Amino acid sequence: MANTSRNSTLSLAATVLTAVLALYIALVAFGNIIDFGTNRDFVRHVLAMDTTFKDDDLMWRAITSRGLQDTAYVAIIVWETVSAVALIYATWLWIRRDTATARRMTTYGTLMLMLLFGAGFIGIGGEWFSMWQSGDWNGLEAATRVFLLSSVVLIVTHLPSDRPETTGPQ
């Protein structure tokens, strides 16, 4: 009885956390689509490195081409949207109790977000383009929040269960 309760609680936690992350990233992607200009400017400033310390040893990294900047921004929006769709689908699978597929889709969605916000925003934006130097265009705190939330969802999703993996409604 205790194992069944633990399994149900873990499944519920994975469902809720996946749903929260799905909602969050869906709203982020939607916001970037309907208010395209606001975050496009953010991406442009980070890539151009125009609000950093302008150290000559680093400024060669700057990307000032509007076309490349906007292409990067559209790629970010597409990545966020695909991540949101994967997590929304995973939430539906958790609700249907298709545990194995839900776990796999949650893993895909969270890893996509960890790549975008960890490697993309924290690593590339923060370090390569020196976003940390900017007082105006510094998204490291927000990126860290998403990376950590995604990590928690991934960990809870993969906590060991005493029940065998299920596929399909039970």
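Relative accessible area sorts residues into three classes: buried under 20%, exposed over 50%, and partly exposed in between. The exercises below apply this scale and related criteria to a predicted model.

**Exercise 1. Overall architecture**

Task: State how many helices and strands the chain has, and describe its extent.

Solution.
1. The chain contains 5 helices and 0 strands.
2. Taken in sequence order, these elements give the pattern α-α-α-α-α.
3. The C-alpha trace spans about 65 × 30 × 20 Å along its principal axes.
4. Of the 170 residues, 41% count as buried.

**Exercise 2. Salt bridges and their surroundings**

Task: Determine how many salt bridges the model has, and classify the residues for which an accessibility is available.

Solution.
1. The criterion is a side-chain nitrogen of Lys or Arg within 4 Å of a carboxyl oxygen of Asp or Glu. By this rule there are 3 salt bridges.
2. One of them joins arginine 40 to aspartate 41, with the closest N and O atoms 3.9 Å apart. This distance passes because the cut-off is 4 Å.
3. Arginine 40 has a relative accessible area of 23% and is therefore partly exposed. Aspartate 41, at 31%, is likewise partly exposed, because its value lies between 20% and 50%.
4. Another salt bridge pairs arginine 44 with aspartate 70, at 2.8 Å from N to O. Arginine 44 belongs to helix α2 (residues 36-48) and aspartate 70 to helix α3 (residues 66-96), so this pair ties together parts that are 26 residues apart in sequence.
5. Arginine 44 has a relative accessible area of 13%, so it is buried.
6. Arginine 145 and glutamate 141 also meet in a salt bridge, with an N to O distance of 3.5 Å. Both residues lie in helix α5 (residues 140-157), 4 residues apart, about one turn of the helix. An α-helix has 3.6 residues a turn, so residues three or four places apart point the same way.
7. Glutamate 141 reaches 63% relative accessibility and counts as exposed.

**Exercise 3. Helix α3: length check and contacts in space**

Task: Compare the expected span of α3 with the separation of its end C-alpha atoms, then examine valine 85 and isoleucine 95.

Solution.
1. The expected span is 1.5 Å times one less than the number of residues. For the 31 residues of α3 this gives 45 Å.
2. The end C-alpha atoms of α3 are 45 Å apart, which agrees with the expected span.
3. Valine 85 lies in α3 and counts as exposed at 51% relative accessibility. Its C-alpha atom is separated by 7.7 Å from that of alanine 26, a residue 59 positions away along the chain.
4. Isoleucine 95 is also found in α3, and its relative accessible area of 59% makes it exposed. Between isoleucine 95 and valine 16 the C-alpha to C-alpha distance is 9.5 Å, while their sequence separation is 79 residues.
5. Arginine 97 follows α3 and has a positive phi, near 65°.

**Exercise 4. Backbone features of α4 and the loops**

Task: Locate the kink in α4, and assign lysine 54 and serine 130 to their loops.

Solution.
1. Helix α4 (residues 99-128) has a kink of about 30°, centred on glycine 120.
2. Just after α4, serine 130 takes a positive phi of about 55°, although this residue is not a glycine.
3. Serine 130 is placed in the loop between α4 and α5. At 1% relative accessibility it counts as buried.
4. Lysine 54, in the loop between α2 and α3, also has a positive phi, near 60°.
5. In contrast to buried serine 130, lysine 54 is partly exposed, with a relative accessible area of 44%.

**Exercise 5. The internal cavity**

Task: Give the number of cavities of 30 Å³ or more, and describe the lining of the largest cavity.

Solution.
1. The count is 1 cavity of 30 Å³ or more.
2. The space in the largest cavity is about 40 Å³.
3. Its lining includes His45, Val46, Met49, Thr51 and Thr52. Phe129, Ser130, Met131, Ser134 and Trp137 also line the cavity.
4. By residue type, the lining divides into 5 nonpolar, 5 polar and no charged residues.
5. Serine 130, whose positive phi was noted in Exercise 4, is thus among the residues lining this cavity.

Definitions and conventions:
Residues are numbered from 1 along each chain as its sequence is written. This is a predicted model: local features need pLDDT of at least 70, side-chain atom pairs count only at pLDDT 80 or more; totals for chains, interfaces and linings use all residues. Side-chain values use heavy atoms; hydrogens and water are left out. On a 1 Å grid over the protein atoms alone, a cavity is a set of points where a 1.4 Å probe fits but cannot get out, and a pocket is an open set with protein on both sides within 12 Å along at least five of seven lines; lining residues have an atom within 4 Å of a point. Grid points are joined across faces, edges and corners, and a volume is the space filled by probe spheres set on the points. Ala, Val, Leu, Ile, Met, Phe, Trp, Tyr, Cys and Pro count as nonpolar, Asp, Glu, Lys and Arg as charged, and the others, Gly among them, as polar. The bend at a residue is the angle between axes fitted to the seven residues ending there and the seven starting there. Helices (H or I, at least four residues) and strands (E, at least two) are DSSP runs, numbered from the N terminus. Buried means under 20% relative accessible area, exposed over 50%, partly exposed in between (1.4 Å probe, protein chains only).
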